[in-house]
Amino acid sequence: MRARTLDRADEVARGDLLEAIVGATRARVDAAQHTLPEAEMRRKAADRRPRCREFSAGLARRDRVNVIAECKRRSPVNGVLRWAYDPAAIAQGYDRAGAAAISVLTEPTFFDGRITHVSEVRAAVSVPVLRKDFIVCEYQLLETRAAGADAVLLIVAALEDGTLRRLVRAAEGLDLAALVEVHDERELECALAAGASIIGVNNRDLRTLEVDVATSTRLIELIPRGITAVAESGLRSMAEVRTLRESGYGAFLIGEALMAAPDPGRALESLLTN
């Protein structure tokens, strides 16, 4: 299993990871809509009450370091991060350690995620929950709310400008906070034009898989005051977090550095107290 994972990662790394994931996502959504039509998913979503304001406010607090701690079983680059994967138990450890929110990766083909993981985490913790996936249509937003998430990730690189604007508005209409992810200056302009109020700067280029924390340092200068900025990927020490916080970041999404530790909750606690 390990060998197959690494072979897939090597193959994707030579091509375009983002294109491969988006293609797989569209096929999966088409199948899901045949299994559970949009009207029925909309009814399921209506039974939930997302806490989007709590998510947004939590990332803007200045009296603590705001970490969105991630539950992720596998990475396309590093393979399986955790063989015995229990997202609810991991999320409880993050909650006890002081996470501002929990990110749950639900993409199945490359990350071994499932939408049911969101429901499991939502039932296990009191802090806000972010669904992290490659969202390409409104059906997935309904799916996100129905699963119990309070926020959703929208990746600018995976969406045309018009689709991004439509999904930002649709998320607002469903009371879901939208963390809009960018990788460079052009994508940042698109996020701002779409009305994003929370912008994540991903230090990992989804096409080359390379990580450069300098991306966060560079783009924060272009993010207007009043926008909550979130630094993502490649953060492994409190020194890096402090530097980025001083530059203007309100929150930090940390995944692999925690998931690779023997106890992710204790790893977060150690990060926050050192």
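**A helix enclosed by its own fold**

Of the 274 residues of the protein, 55% count as buried, in a model that is predicted. The chain is arranged into 14 helices and 10 strands, and its C-alpha atoms fill a box of roughly 50 × 45 × 35 Å along the principal axes. For 274 residues, a compact globule would have a radius of gyration near 19 Å, and the 17 Å of the protein agrees with this. When contacts between residues at least 6 apart in sequence are considered, 69% of them join residues at least 24 apart.

Turning to the surface, the accessible area of the protein comes to about 12,000 Å², and carbon and sulfur atoms account for 48% of that area. The protein carries 38 positive and 40 negative charges, whose mean positions lie 4 Å apart.

Within this fold, helix α8, which spans residues 138–147, deserves a closer look. Because 9 of its 10 residues are buried, where buried means under 20% relative accessible area, helix α8 is largely enclosed by the rest of the structure. The buried residues of α8 run from Tyr 139 through Gln 140, Leu 141, Leu 142, Glu 143, Thr 144, Arg 145 and Ala 146 to Ala 147, a list in which Glu 143 and Arg 145 stand alongside Leu 141 and Leu 142.

What do the buried residues of α8 pack against? Their partners are the helices α2 (17–35), α3 (38–46), α7 (116–124) and α9 (161–173), together with the strands β5 (129–132) and β6 (151–155). Just after α8, the backbone reaches Gly 148, which takes a positive phi of about 105°.

Technical notes
Residues are numbered from 1 along each chain as its sequence is written. This is a predicted model: local features need pLDDT of at least 70, side-chain atom pairs count only at pLDDT 80 or more; totals for chains, interfaces and linings use all residues. Side-chain values use heavy atoms; hydrogens and water are left out. Helices (H or I, at least four residues) and strands (E, at least two) are DSSP runs, numbered from the N terminus. The radius of gyration is taken over C-alpha atoms; the globule rule is 2.2 Å times the number of residues to the power 0.38. Buried means under 20% relative accessible area, exposed over 50%, partly exposed in between (1.4 Å probe, protein chains only). Contact means heavy atoms within 4.5 Å. Accessible areas come from the Shrake-Rupley method with a 1.4 Å probe; for residues, only the protein chains shown count as cover. Lys and Arg count as positive and Asp and Glu as negative; His and the chain ends are not counted. The place of a charge is taken as NZ of Lys, CZ of Arg, CG of Asp or CD of Glu.
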